[in-house]
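Student: I have a two-chain model open and would like to learn how to read its interface and its strands. Could you take me through them?

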Amino acid sequence: MASGVKPRVKVPKTAAAGEAVTIKTLISHQMESGQRKDKEGNVIPRSIINRFTCAFNGQMVADVTIEPAVSTNPYFQFEATVPEAGEFAFTWYDDDGSVYETSKAIKIA
Amino acid sequence: MEFSRRETLALGLGAAVMTVLPFRVNASAEDRIAEFTGGADLADTGVELTAPEIAENGNTVPISVSAPGATAIMVLATGNPTPGVATFNFGPLAASQAAATRIRLAGTQDVVAIAKLADGSFAKASAAVKVTIGGCGG
């Protein structure tokens with residue numbers, strides 16, 4: 001599934017140096033678990049996002065291994081330290097090999 | 001009462017299946033914990049798992065985990081067809097070793113969080129969640 005996948009990320013625009021900011025991410029994805037069956041009783045093949053990473057200026061903040069028990073439209077909330085102005089890079093890895101990326105710049109206030 | 005060779009074999013097989021079956025349900029969750037911790041002891045404090053007591057819809061149950069100083073937190077749903085939920089690895093810029101997400105639960109069960117702490121020890125927390133509508137298409 002490479003269509004209709006839309007990452008959404010909420011990061012404050014500015015922060016004080018060294019401040020902890022809360023990051024919220026959500027990506028629209030059906031996260032087919034591989035457990036459901038269609039009308040004919042055939043198992044619908046698994047199709048999920050299996051990994052999510054967040055890095056700031058190349059340094060890792062969080063790396064999440066995702067399994068089918070994570071809900072449709074996987075949502076994550078966590079906190080990151082902002083030592084300097086820069087850019088958060090978010091990456092999602094799909095089972096089918098697709099990689100979805102987005103980034104958000106943050107300024108030091 | 002005399003047993004023939006064939007009957008004895010059948011009985012033995014039946015008994016073997018009976019002993020294995022009840023463990024099979026939780027075995028994979030135990031396996032996952034053993035794989036993650038390498039068989040180390042689990043402390044009861046050091047990790048917090050927040051989950052609702054009653055979840056009306058098992059398709060999206062909000063949970064959050066927190067373990068100050070942890071390098072990784074693994075979340076398991078012991079009653080799901082596959083127990084794995086997610087593993088959070090925290091990097092140097094993580095301000096707190098905490099995260100929140102939404103998970104699927106197949107039915108009423110225990111959700112378990114295992115944290116790998118900075119000193120190499122492990123901690124465990126669990127929460128029982130009652131699920132009204134299961135979330136695995138069943």
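Tutor: Gladly; we will start with the contact between the chains and then follow the strands. Keep in mind that this is a predicted model.

Student: Let's begin with chain A. How many helices and strands does chain A have?

Tutor: Chain A has 0 helices and 8 strands. From the N terminus on, its elements therefore read β-β-β-β-β-β-β-β. Along the principal axes, the C-alpha atoms of chain A fill a box of roughly 60 × 20 × 20 Å.

Student: Now the interface. What is the usual way to give its size?

Tutor: Interface size is often stated as the accessible area that is lost when the parts come together. Here the area buried between chain B and chain A is about 2,300 Å², and carbon and sulfur atoms give 50% of it. On the chain B side, B:L93, B:R102 and B:R104 lose the most area to chain A, together 32% of what that side buries.

Student: How many residues of each chain are in contact?

Tutor: The contact involves 29 residues of chain B and 30 residues of chain A.

Student: And which polar links cross the interface?

Tutor: The rule finds 18 residue pairs in polar contact between chain B and chain A, both residues being at pLDDT 80 or more. Two elements of chain B, β6 (84–90) and β7 (94–103), give two or more residues to the side that touches chain A. Of the elements, β7(B) gives the most, with 9 residues. Sorted by class, that side of chain B has 15 nonpolar, 11 polar and 3 charged residues.

Student: How many salt bridges are there between chain B and chain A, and which side chains meet?

Tutor: The count is 1 salt bridge. It joins the side chains of B:R32 and A:E67, with an N to O distance of 2.9 Å.

Student: You mentioned β7(B). Which strand of chain A does it pair with?

Tutor: β7(B) pairs with β6 of chain A, residues 75–82, in the antiparallel sense over 4 bridges. To find the register, look for bridge partners: A:A80 has B:A94 of β7(B) as its partner.

Student: How should I read the sheet as a whole, and in what order do its strands come?

Tutor: Walk across the sheet from neighbour to neighbour. The order is β1(A)-β3(A)-β6(A)-β7(B)-β4(B)-β2(B), an open sheet of 6 strands with antiparallel pairing. At the edges stand β1 (7–10) of chain A and β2 (48–50) of chain B; each has a single partner strand, so one side of each is left without a neighbour in the sheet. Neighbouring strands of this sheet are turned by 20° against each other on average, direction ignored.

Student: Which bridges should I follow within chain A?

Tutor: Start with β1(A), which is joined by 4 bridges to the antiparallel strand β3 of chain A, residues 19–27. There A:K10 has A:K24 as its bridge partner. Next, β3(A) pairs with β6(A) in the antiparallel sense over 8 bridges, and A:A20 stands opposite A:T81 in β6(A).

Student: And within chain B, how many bridges link β4 and β7(B)?

Tutor: β4 of chain B, residues 61–66, pairs with β7(B) over 6 bridges, again in the antiparallel sense. Look at B:I63 here: its bridge partner in β7(B) is B:T101.

Definitions and conventions. Residues numbered from 1 in each chain as written. Chains lettered and ligands numbered in written order. Predicted model: local features only at pLDDT ≥ 70, side-chain atom pairs only at ≥ 80, totals over all residues. Heavy atoms only, no water. Contact = heavy atoms within 4.5 Å. Buried area = accessible area lost by both parts, 1.4 Å probe. Salt bridge = Lys/Arg side-chain N within 4 Å of Asp/Glu carboxyl O. Polar contact = N/O pair within 3.5 Å; in protein donor to acceptor, adjacent residues only side chain to side chain. Nonpolar A, V, L, I, M, F, W, Y, C, P; charged D, E, K, R; others polar. Pairing = 2+ DSSP bridges. Axes fitted to C-alpha atoms, helices over the stretch in contact; angles between N-to-C directions.
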